[in-house]
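This report introduces a structure to a reader who has not met it before. The sequence and the structure are shown first, and a description by topic follows.

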Amino acid sequence: MSEGAALEKKRYECLEDLEIGSAMSKKLRELGLHTVENLAMTTPKELEQAGINKKSAKNLIQKARLCMPLPFIRGDELVKMRQNILRLTTGSNMLDKLLDGGIESQSITEFYGEYGSGKSQICHQLCVNVQLPLEQGGLDGAALYIDTENTFRTERIFQMAKNVGLDPEEAIKNIIFAEAFTSDHQMFLLENADKVIKENKVRLIIVDSLTSHFRSEYIGREMLAERQQKLNKHMHRLIKLARGFNAVAVVTNQVMSKPDVFFGDAIHPVGGHIVAHTSHTRVFLRKSARGPVRIARLVSSPRLPEGEGVFKITERGIENVNENDSEN
Ligand code: GTP
Ligand code: MG
């Protein structure tokens, strides 16, 4: 094993491997820190709150950070990475245009919005589109679908596949499905996805929804830090897979309204800063007054301007809106 790989392995290992004594390990575990990576990402202040003195807190974190792989890469390597980026069509011209040609590989794209806004429908459509050849906006690959809300429907895949000219019986075989029962299980699935991704030529990884389990399991302020740390780890795992396999990573997210906000946006995606900073591209979906028509707003992107576009959800899947889709 190379030195890098050995360090990488240690990153997800238990705190006890740092040889900091069993009493200290126990104390850290009580704070919700279980792995070397957890400790590396914490702050001395958090440790001080658990009665660890400032100097020891700093030393502990430093020790953990030394086990993390170096985050530096050369600029030219970055250029090479970006040249390989592929784009996956959503099935809607306007949505594709908003995203400069489709959803990028090697980074995370988040769709957030209220119930029925079309998040899961887009995910279904992407599972079909990814199988198309590159000339048709696909990635000539398979999809991995992690479903946390039991909303994946094979019937929808059949309908959508038929509509893009794929054999539905073949299309369904190219979707690897896993239902996540808890947030821990969700993390476990992604942590162990390498093999299945490689063996099946997976080019699209979906987590629908990213936050629902975390939101229902970690309730109250005292659990917030632990929840955020786990979400952070989960998202980083996803980025790593997306980069490693040149795959598109899509997550969905629910929204919550902030009744105390009088000006500006009262609707926010769940997940706070961690999800905001690790989702490279964020798209807000909302319903419109025109039945099946949905409005997509590009809210944040590292290089594209904000903007809006419309698409519609029909029996055939995600489609362009045309003039006949009048107000109803
Ligand atoms: P939550 O997961 O509940 O937060 O919502 P979501 O954003 O994932 O919603 P989803 O993508 O499941 O969208 C559901 C909506 O898509 C429905 O309310 C319908 O309007 C539309 N839809 C789903 N299936 C069909 C279909 O077969 N035909 C048509 N015409 N519309 C459909
Ligand atoms: Mg959904």
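## The second largest pocket

The second largest pocket is lined by Arg 215, Arg 227, Met 256, Lys 258, His 268, Pro 269, Val 270, Gly 271, Gly 272, His 273, Ala 276 and Arg 282. The elements that contribute two or more residues to this lining are β9 (267-269) and α15 (272-278). Of the elements, α15 gives the most, with three residues. The model in which this pocket is found is a predicted one.

The space in the second largest pocket amounts to about 310 Å³. By class, its lining residues divide into four nonpolar, four polar and four charged.

## The surroundings of ligand 1

There are 15 residues around ligand 1, and those that come nearest are Gly 116, Gly 118, Lys 119, Ser 120 and Gln 121. When the shell around ligand 1 is divided by class, two residues are nonpolar, seven are polar and six are charged.

The largest share of this shell comes from α8, which supplies three residues.

## Polar contacts and cover of ligand 1

Oxygen atoms of ligand 1 take part in contacts with Gln 121 and with Arg 156. For Gln 121, a backbone N or O atom lies 2.8 Å from an oxygen atom of the ligand. For Arg 156, an N or O atom in the side chain is 3.1 Å from an oxygen atom of the ligand. A nitrogen atom of ligand 1 is also involved: a backbone N or O atom of Glu 315 lies 3.5 Å from it.

On its own, ligand 1 has 670 Å² of accessible area, and the protein covers 64% of this. Two or more residues of the shell around ligand 1 are given by each of α8 (119-129), α9 (154-164) and β12 (307-314).

## Ala 142 in strand β4

Ala 142 belongs to strand β4, which spans residues 142-147. Is this residue, Ala 142, buried or exposed? Its relative accessible area is 3%. The cut-off for a buried residue is under 20%, and Ala 142 is therefore classed as buried.

Val 128 and Ala 142 are 14 residues apart along the chain, and their C-alpha atoms are separated by 8.5 Å.

Methods
Residues numbered from 1 in each chain as written. Chains lettered and ligands numbered in written order. Predicted model: local features only at pLDDT ≥ 70, side-chain atom pairs only at ≥ 80, totals over all residues. Heavy atoms only, no water. Near = heavy atom within 4 Å. Polar contact = N/O pair within 3.5 Å; in protein donor to acceptor, adjacent residues only side chain to side chain. Areas by Shrake-Rupley, 256 points an atom, 1.4 Å probe, with all protein chains shown as cover. Helix = DSSP H or I, 4+ residues; strand = E, 2+ residues; numbered from the N terminus. Nonpolar A, V, L, I, M, F, W, Y, C, P; charged D, E, K, R; others polar. 1 Å grid on protein atoms, 1.4 Å probe; cavity = no way out; pocket = protein on both sides within 12 Å on 5 of 7 lines; lining within 4 Å. Points joined across faces, edges and corners; volume = space filled by probe spheres on them. Buried < 20%, exposed > 50% of the residue type's maximum accessible area, 1.4 Å probe, protein only.
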